[in-house]
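Here are a few short exercises to work through with the structure open beside you. Try each task before you read its solution.

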Amino acid sequence: MNTTSGARLDRATSAALVAAVLMPVALGLIFFYVPNDVDQGFSQRIFYFHVPIAMTTYALFAWGALNAARYLWTGDMGLDLRSYVPMHLGVIFGTLTLVTGSIWAKVSWGTWWYWGSTELNTFLIIFLFYCAYFMLRFSVEPGERRARYSAVYALLGVGLIPISVLAVHLGQDVIHPVTFTDRGANMDGTMLFTFLMALAAMLSLAVAMYLVELRGKRLDEQVTRLRRLAEGTR
Amino acid sequence: MSRRALVALVRKDLVLELRGSEVVLAMVAFVVASFVLFRFGLGGGRPAGGTRAATGMLWVAIVFTAMLALTRSFAREREHGIWDGLLAAPIDRALLWLARACSTCIFLVAVQVVALPAFWLFFLQDGPAPDYGVLVAAVLLADVGIAALGSLVAGLASAGRAREVLLPVLFLPFAIPLVLGAVSATTGTISPQTSGLHTLERLGYLGLYDTVFVLFGWGLFEFVVED
């Protein structure tokens, strides 16, 4: 057990170290290296926070849904935690996406929220769905049933995402800037490099947080199990 | 065997409803009261936003009314211990979901037989109205989606604490794209410039929504009733 815990700690620590190096580098690039955008000026720099955070959120939700499917397939309780933790982090990163998106909307369009934006509205629906996931999880007693119900609901999100994208497109009113098109990224090399560094920093931060939280939750489960055993022997 | 079991399960739900009148009457009263509330909420004599706002309100009322049926879904089985008997029966678990989805859909249609004329009376009789054929088609397609997804989500909510509160929280994020598609289909027909293709595309979207969540319900319900 000690070896496994040690290995986990090492992975978490190394992920945190990578994040600790990449984050200041990305911040330096965003504020001192990349040039101002021609149309939006200095305020466009929030793009380097907003888009990587949103992409990290989607990655976390995808990882959570994948582990939910694996849990239903195998019944391995360890996968339940590996599904729950990215969902939890996804909601935190999702909140940051909504906040940074709102700030950008206010600066660019003069409004905190624009209901005609496909991306904003799709993200809002998905965010509400993942908030509901927590309501379900915390209202069922811990155990195998909770793991199963959480996994089923998490998988429903896989159906909800394309359905929501389509629904929002039906009432589309394009205003949201489209940076990534079929023909590649719509930005110059400097901007692309800064964006990729910011994305790498955000992803490494998410991985570090994931590993640390996973380790904490596992320890919590072990303590609960030992406490139950101790109460049983009294 | 499967078909007989399905018919027997749906018949059970309908007979229980006919004897007890627990759900449908409450839904009718709720939806009509909602229309009155919306009418006054939109300004009484001359509704603000006109037919477009009213049609949007119709979809909100339909979703909230469906909540009543879904809240009672599985509650009776859990309260009276019927669930154990159903699980012991030698039938596919997915059939339990399908039967519940079918009976919920029948309840919704029964309510809308009263609700849609009431909606016409309160909102549409004066001024421009959506295409009634499209409205009815959209309502029926939406009913299938609500019943299919709602029966699965109601199964999840039924095991939680405070399930009456939990169900709307779990269901409403899924209702948003449904309402978006349905509003787009029906309000689009108010404008005379809307093409038939536009309407067909919107109705097709509702059909896709139904297909996706029927597949999810069929595939995932066995994990909801494993114990």
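**Exercise 1: a helix in chain B**

Task: find where α7(B) bends, and by how much.

Solution: follow α7(B) to Gly150(B), where the helix bends by about 25°. Keep in mind that this is a predicted model.

Task: compare the expected span of helix α7 of chain B with the distance between its end C-alpha atoms.

Solution: start with the residues, 132-157, which make 26. Next, take 1.5 Å times one less than the number of residues. That is why α7 of chain B should span 38 Å. Finally, look at the end C-alpha atoms of this helix: they are 35 Å apart, which agrees.

Task: is α7(B) mostly covered or mostly uncovered?

Solution: a residue is buried if 20 or more other C-beta atoms lie within 10 Å of its own. In α7(B), 20 of the 26 residues are buried, so the helix is mostly covered.

**Exercise 2: the layout of chain A**

Task: work out the order of elements in chain A.

Solution: chain A has 6 helices and 2 strands. Walking from the N terminus, you meet them as α-α-α-α-α-β-β-α. As for burial, 37% of the 234 residues in chain A count as buried.

**Exercise 3: where the chains touch**

Task: describe the contact, then the side that chain A brings to it.

Solution: count the residues on both sides, 25 from chain A and 26 from chain B. On the chain A side, α4 (118-139) and α5 (144-170) are the elements that give two or more residues. The most come from α5(A), with 15 residues. Sorted by class, this side of chain A has 19 nonpolar, 4 polar and 2 charged residues.

Methods. Residues are numbered from 1 along each chain as its sequence is written. Chains are lettered from A and ligands numbered from 1 in the order in which they are written. This is a predicted model: local features need pLDDT of at least 70, side-chain atom pairs count only at pLDDT 80 or more; totals for chains, interfaces and linings use all residues. Two residues are in contact if their C-beta atoms, placed from the backbone, lie within 7 Å. Helices (H or I, at least four residues) and strands (E, at least two) are DSSP runs, numbered from the N terminus. Ala, Val, Leu, Ile, Met, Phe, Trp, Tyr, Cys and Pro count as nonpolar, Asp, Glu, Lys and Arg as charged, and the others, Gly among them, as polar. The bend at a residue is the angle between axes fitted to the seven residues ending there and the seven starting there. A residue is buried if 20 or more other C-beta atoms lie within 10 Å of its own, exposed if 12 or fewer, and partly exposed in between; C-beta atoms are placed from the backbone.
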